[in-house]
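Here are my notes for someone opening this model for the first time. Have it on screen as you read, and go point by point.

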Amino acid sequence: MTGSATFRLAALGLLLSLPLAEPLTASAQDLDRVRRTINQLSSPALHGRGYVQGGANKAARLLAQRFAQIGLIPLAPDFRQPFPLTVNTFPGKLSLRFDGQQLRPGHDFIAEPESGGGKVSGPVALFDTLIFSNEAAGRRFLQQPLQNHVLVLRQRDAERLRTLPEVFMRHVATARARITLVPNKLTASLADYQATQPQLQVLAERWPQTAPRQIAITVEAVLAANYTTQNVIGYLRGTAQPDSFLVVTAHYDHLGRMGKRAYFPGANDNASGTAMLLELAEHFAKPENRPAYSIAFLAFGAEEAGLIGSRYFVQHPLIPLAQIRFLLNLDLEGTGQDGATVVNGRIHERAYQQLVQLNETGRYLPALAARGRSANSDHAPFSEAGVPAFFLYLRGQPTFYHDVLDRSETLPLTGFPGIYKLLLDFLRLQGASSPSK
Ligand SMILES: [Zn+2]
């Protein structure tokens, strides 16, 4: 914290000698390209960039083509660093029916990440919340046979169940199937294992006032074991100090498909950050913008499966981690009317002050906010390995997240040009100053 005032002046001095940021632009043209990239990545043809219909791998192929067009140098054959993962997928039938009603996958219900498969029908057993306060009710619940029932419980009760002795969770697992009613919104995720019973998440408002008597569920679940996916990795060689690296990262994968029709477009998460990475690469690849340091561009796979691609890279680095001067991770760059949050902003004080200064000078974003550490995206494995890193994300509407509504059509890109310029200034400043920790 000390010395930040002196530092500000020093940073300002450096700034005066830097060329002004290239406008992304005022110009509709580059923002058109950004929109085209996001449209393409979030289109049904890429199947939600997951592990059904080869979606993630199609996206990787596309990115490798873009890297080549831009003129990046591959750090692995065809820019690709393959690695395996195990992930539960829902490639086929997915249906939920009760009392003659058919709910819509993606909109009314989704499969829980670890859902097992099966074609199941049976009477409903409503979870009795008395068991949290009444021992006798707890004993009754444990004696109630659930093998033929579809157990229905509210999300808050499902969470509270974990605080009870394990015997309760084991009993819940004996139900034929399980439905969790969630308030407000459905939120999908990925799991690396498969439970024995079908498990669905249902929007509470779609659940009838009077509980239905019979429910029919069909889930086709396939545990894809040792599935090969990849990181896409390229770089631009520095003109003065090629062995020092600035690094830009973004994950290109998302949650894939759920059932035959529903898919997760992942426009904000993270077609937007991937588009930003490509725009920064386009900029620095131009002969007049060639950086003094090398700049690596790492598009990670399998972030949504638990930061698997970035962890793999840190364990098998294609550039020495010790030679990374600073890393910027980009995830959720499609909104922005409320400004940006900088994860690790409280850790790397000097660098954060640089960002704030640059943002004030350029009036790029309405506000910056610093956070401490968080393992919420691909910067985390690098941070843990001692690489100075920020994760910048934009805040604003809409807040669609891990649902079928995260589409390009509703993504405003309000803060995109601003954060683009801020990132450019920051990268140039890192290239011009001594290392910031
Ligand atoms: Zn995500």
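1. Start just past the end of helix 3, where G71 follows with a positive phi, near 100°. Keep in mind throughout that you are looking at a predicted model. Helix 3 itself has 16 residues and reaches 23 Å from its first C-alpha to its last, which is close to the 22 Å expected at 1.5 Å a residue.

2. Which residues of helix 3 are buried? There are quite a few to click on: G55, A56, N57, A59, A60, L62, L63, A64, R66, F67 and I70. If you want a reason to look at the spacing, an α-helix has 3.6 residues a turn, so residues three or four places apart point the same way.

3. Now step back along the chain to L41, which sits in helix 2. With a relative accessible area of 1%, L41 is buried, because the cut-off for that is under 20%. Setting aside neighbours within four places in sequence, L41 is in contact with L46, R49, A59, L62, P265, A271 and T274. Two of those names, A59 and L62, are on the buried list for helix 3. For a distance to check, the C-alpha atoms of L41 and A60 are 10.0 Å apart, with their positions 19 residues apart along the chain.

4. Between helix 2 (28-41) and helix 3 (55-70) runs a loop, and H47 is in it. H47 is not a glycine, yet its phi is positive, about 55°. Most residues other than glycine have a negative phi, so this one deserves a look. H47 also counts as buried, at a relative accessible area of 11%.

5. On to the metal. Which protein atoms are the donors of the zinc ion? They are an OD atom of D269, two OE entries from E304, and NE2 of H402, lying 1.9 to 2.4 Å from the ion. The angles among the 4 donor atoms run from 57 to 143°, and the site is classed as irregular. As a yardstick, ideal angles for four tetrahedral donors are 109.5 degrees.

6. In sequence, the donor residues of the zinc ion follow the spacing D-x34-E-x97-H. D269 belongs to helix 7 (residues 267-285), while E304 is in the loop between strand 15 (293-300) and helix 8 (308-315), so this pair ties together parts that are 35 residues apart in sequence. Are these donor residues buried or exposed? D269 is buried at 2% relative accessibility, E304 is buried at 10%, and H402 is buried at 7%.

7. Helix 7 is worth a closer look. Its 19 residues should span 27 Å at 1.5 Å a residue, and the end C-alpha atoms are 25 Å apart, which agrees. Of those 19 residues, 19 are buried, so helix 7 is largely enclosed by the rest of the structure. N270 is in this helix too, and the peptide bond joining D269 and N270 is cis, with omega about 5°. Most peptide bonds are trans, so I would flag this one for a second look.

8. The third donor residue, H402, lies in the loop between strand 19 and helix 11. Its phi is near 55°, a positive value in a residue other than glycine. P398 is in that loop as well, which runs between strand 19 (389-394) and helix 11 (416-432). A cis peptide bond joins Q397 and P398, with omega about -5°. Leaving out neighbours within four places in sequence, P398 is in contact with T335, T410 and P412. The C-alpha atoms of P398 and F297 are separated by 28 Å, and the two are 101 residues apart along the chain.

9. Finally, zoom out. The chain has 11 helices and 19 strands. Its radius of gyration is 24 Å, close to the 22 Å that the globule rule gives for 437 residues, so the chain is as compact as a globular protein of that length. The C-alpha atoms fill a box of roughly 75 × 45 × 40 Å along the principal axes.

10. A few totals to close. Of the 437 residues, 59% count as buried. Among contacts with a separation of 6 or more, 83% are between residues 24 or more positions apart. The accessible surface is about 18300 Å², with 51% of it belonging to carbon and sulfur atoms.

Technical notes
Residues are numbered from 1 along each chain as its sequence is written. This is a predicted model: local features need pLDDT of at least 70, side-chain atom pairs count only at pLDDT 80 or more; totals for chains, interfaces and linings use all residues. Side-chain values use heavy atoms; hydrogens and water are left out. Donors are N, O and S atoms within 2.8 Å of the metal (3.2 Å for Na, K and Ca); water is not among the atoms, so sites may look incomplete. Four donors count as tetrahedral if all angles lie between 85 and 135 degrees; four count as square planar and six as octahedral if opposite donors are over 155 degrees apart and all others between 65 and 115; anything else is irregular. Helices (H or I, at least four residues) and strands (E, at least two) are DSSP runs, numbered from the N terminus. Buried means under 20% relative accessible area, exposed over 50%, partly exposed in between (1.4 Å probe, protein chains only). The expected span of a helix is 1.5 Å times one less than its number of residues. The radius of gyration is taken over C-alpha atoms; the globule rule is 2.2 Å times the number of residues to the power 0.38. Contact means heavy atoms within 4.5 Å. Accessible areas come from the Shrake-Rupley method with a 1.4 Å probe; for residues, only the protein chains shown count as cover.
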